[in-house]
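User: I am new to this structure and would like a close look at a single part of it. Please set that part in the context of the whole chain.

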Amino acid sequence: MKKIKDIKTFVAFDLETTGLTDTDKIIEFGAARVEENEIKETFQTLINPDTFIPLDILLLTGINEEEIKKAPHIDDVKEKILNFIGPHPLIAHNAPFDISFLKREVSDSLENPLFDTLKLSRILLPFIMNHKLGTLYTFFEKEESNLHRALDDAISTAKVFLGLLKLIDKLPLLTLEKILSIVEKTKNDSLILFKSAFNNALSGRGESDLAYLSHSFNIPSNVYESNAKNKVTSFPPTEESVEQILSKEVTINIAVTKYEKRAEQIALAKKIMKAFLSNEILISEAGTGTGKTFAYLIPSMLWSNFSRERIIISTYTKNLEEQLFHKDIINISKGLNIKFKAVLIKGRNNYICLKKWETIFSENFISLNKNEKESLLNLIIWEGLTKTGDISENSSFWLHNNLSLWSKLSCDAMDCEMNKCSYYQECYLTKVRKECQEADIVVINHSLLFSDLIREQKILGEYSKLIIDEAHNLERAATDFLGTTVTSYQIKNLLDRLYKTARGLLVKIRNVLTFLGKKNKSITMDEVAKSIDSVEESREIWDEISQSINEEVEKSEYIGKLRLKEEDSLIQEIESLRERFYSNLKNVNNFLKKFIKIFDDVEKTKIWKETVEEVKQVYRESEEIAENFYNILSCKDKNGCFWAESSDESKSTKLISAPIVVADILREKLFDNLETAILVSATILVENSFDYFKGKIGLSEIENVREFATGSYFDFKNQVLAILPSFISEPKKNEFFLDVVDVLRKVTLTIRRGTLILFTSYKLLNRVYEQLVETLHQNNILLLAQGRSGSKNVITKEFKEIKNSVLLGTYSFWEGFDVPGEALEVLVITKLPFSSPKEPIIEARTEHIESRGLNPFEKLHVPEAVIKLRQGFGRLIRTKEDRGIILILDTRLIKRNYGKRFLNSLPANIVISYSEGDFLERIRKFWKD
């Protein structure tokens, strides 16, 4: 690390480039020199890269191709750039990216100290919405910045860095000690910043705690209690009260701005209140725009306030769960002006374990690699300020990139000592579970709902009133969470914890026995040695099993997944390996059980006690993994579907079991134990009937089930043109691909409006992309594609920002993609969304239906595709002001008998166009009208 004389003078810089790879080029350089906290000088230049510049770069930056052609080449401006930079520290947002371009194109000997505002902001600002430069600039400067040009971004970066320096100088001593304990090991340039602040804090010039920071953020809570004086609402729990509230704009305007009275919302709310009063189960389809959240929250609040009964509300997506708790519930309770308590609770592995947190630091990070240490930095300030311990509130910590680290820090049923833990009183999970018992409304997600079912209500306690939002995902959630999973990571982690190269739990046990010497007459060293041998052999066996499975997955008809059946040759081949692996784990477990039985009650030192507690934890984990492993690879359960997954990149193996039919489980374990259940969704009807939905979730044979569909809040007749070109070929014909490309090319060039094109496979999406990208680029239309243009979040953002762009997406875009207004005015559905018959769970359900003498195409594949089509259909119209066109390119809709089931389920009539001329004219006319 280069020594830094002072940080009072620095150069903030930014680049615009042709792309993100090491073959891309710089097209603009911008820099700002800061002295004594003020920008003294700036420098900016365009650069001709002599190469193709992608359209999205030109559109996002506003750089003109003609300007670029006239701009100097990099060799002409190198000296000017280096002279401006001088010897001063460099500041950039996502510095490793920018500095790699500078070193490659300007000077590979550039050795200036480098500070990254992105990394620093993740350490210092864990509660900010995101760490994009524009967000950070607004946070510090309280105004919007002009982004996407190099000089503007460089100036913004300079101001953000100055703001971050002020935050570092105010950090308390204890926080700085924790940060420095990691930064000193990673040896990056930011060490000087924290070291300087640490010295200030030592001399008494720093802050004493993090309280000052807590005022800068909106730090979330998972418990809400209203401050209203009224214990009881003036509204009794009646249908009339609900209508009165939803008709009274003064009340609702407190909860939502620009409230609009909706007959559909009032009707649904009254039905829900009636269900509470009559102890009924209500299934309701509430179309987009109905306002279903308010329709169930208001009756729920009135009922819980009157009866003092808890109501559980379960959602499928995190976004709705967060919006429900942090926005809707709080606002409605203010409007009703009642004393009220709501709690948001999640599964235990969402919460940080304080004991594990302190252990990581006390052990000097011995269990962490370099990347994990750097990620740990993003947790220090968050841990000092969080009220909930819920990792999802920390925008600095990307959970999917840090699963290994989080597993070492999160609450875990295997590791938890409950009330024996020294951190029990401060434990975030313990606190929220206690609060949950005293709440009026408890917000959860479907995964916790099923975790609680498996554990027989040990998490939520007894309840009799349940609301299930996003109910169309209930079967999927039950399938996911009522099964079991064993992964390579779990197995390797377990075996490593037991023994790995002279370390691990079995070594600790051996040390305890050595210490006891002749006092120990119960366990022999030979038993320890045998357990170590079993672990070593198990590691080899698992590698062999995993390799055999991965080889078969590669040959599978369904990419990345392989269905496992008892009679399969693979299961027969690995049977002896399975038995040996299971036997080894059971032998080790028996040894651990013996150790626990002998030494659990013996008077012991702290170190000895910790060893015994660790043995208990590992024993429980090992027992569960052994049983799940054996059950999945035995494939015995008649209501179980078993499969393996592996990825080409990691070569990791995942073994999964799931119930084929969840209806009986849901009826017996869930609905039979409830007085009232409300199930709401925007898409559960098939041909205006609830029968399919009721059958798959176990409500067909329950008597007190009521049904209600609100109808659509939108005027599809005037807001939408839904059109099908009958002149194109059917999907199974070779001409289909060329017809689709031809139609899409003509439509996008004719309309030039924001267009979402939905596919059912990556294969067709990629082929279409390759055919369209050059033509659209030449016509200044940006083409974005899932899997090719960045992450879902990135391409969604670009789609919203860049006018008239076209986005190609597969199944994750059929649901939950919400883009109102002009950004999305055309929706194209290329094919009817039938599930792949080779998807393991679909194949198993197909076989189950056939075994009952029924037609799986009619009973499973068509109704599932109908619901999926309706979800895709719903992407276009999100508000009363939206207008747009929906194109369906699958002529099976009108040429096959089953097409009527789709047509009868859609909210708009489909116009059939028989010629290309008529088709394009109708589209043009719609926009003129």
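Analyst: What follows takes one strand, β23, and places it in the chain. The model is a predicted one.

The whole chain comes before the part. It holds 38 helices and 24 strands. Its radius of gyration is 31 Å, close to the 30 Å that the globule rule gives for 929 residues, so the chain is as compact as a globular protein of that length. The C-alpha trace spans about 90 × 75 × 70 Å along its principal axes. Of the 929 residues, 55% count as buried, meaning that they have under 20% relative accessible area. The exposed area of the chain is about 42400 Å², and carbon and sulfur atoms supply 47% of that area. If one takes the contacts between residues at least 6 apart in sequence, 76% of them join residues at least 24 apart. The chain has 128 positive and 136 negative charges, and the mean positions of the two sets are 2 Å apart.

Now the part itself. Strand β23 covers residues 884–888. How many of its five residues are buried? The count is five of five, and the strand is described as mostly covered.

In a regular strand the side chains alternate between the two faces of the sheet. In β23, G884, I886 and I888 point one way, while I885 and L887 point the other way. Residues on both sides are buried: all of those just named fall in that class.

Which strands pair with β23? One is β18, residues 720–725, which pairs with β23 in the parallel sense over four bridges. Within this pairing, A722 stands opposite I886. Another is β22, residues 826–829, and its pairing with β23 is also parallel, over four bridges. Here V826 has I885 as its bridge partner in β23. I886 and I885 thus serve as reference points for the two pairings: I886 faces A722 of β18, and I885 is matched with V826 of β22. These two residues of β23 also point opposite ways from the strand.

A helix elsewhere in the chain can be set beside the strand. Helix α6, residues 133–141, is mostly covered, with seven of its nine residues buried. The buried ones are L133, G134, T135, L136, Y137, F139 and F140. Their cover includes α5 (117–124) and α7 (150–169). After α6 comes K142, whose phi is positive, near 60 degrees.

To return to the strand: β23 has five of its five residues buried, and it pairs in the parallel sense with β18 and with β22.

Definitions and conventions: Residues are numbered from 1 along each chain as its sequence is written. This is a predicted model: local features need pLDDT of at least 70, side-chain atom pairs count only at pLDDT 80 or more; totals for chains, interfaces and linings use all residues. Side-chain values use heavy atoms; hydrogens and water are left out. The radius of gyration is taken over C-alpha atoms; the globule rule is 2.2 Å times the number of residues to the power 0.38. Buried means under 20% relative accessible area, exposed over 50%, partly exposed in between (1.4 Å probe, protein chains only). Contact means heavy atoms within 4.5 Å. Accessible areas come from the Shrake-Rupley method with a 1.4 Å probe; for residues, only the protein chains shown count as cover. Lys and Arg count as positive and Asp and Glu as negative; His and the chain ends are not counted. The place of a charge is taken as NZ of Lys, CZ of Arg, CG of Asp or CD of Glu. Two strands pair if DSSP finds at least two bridges between them.
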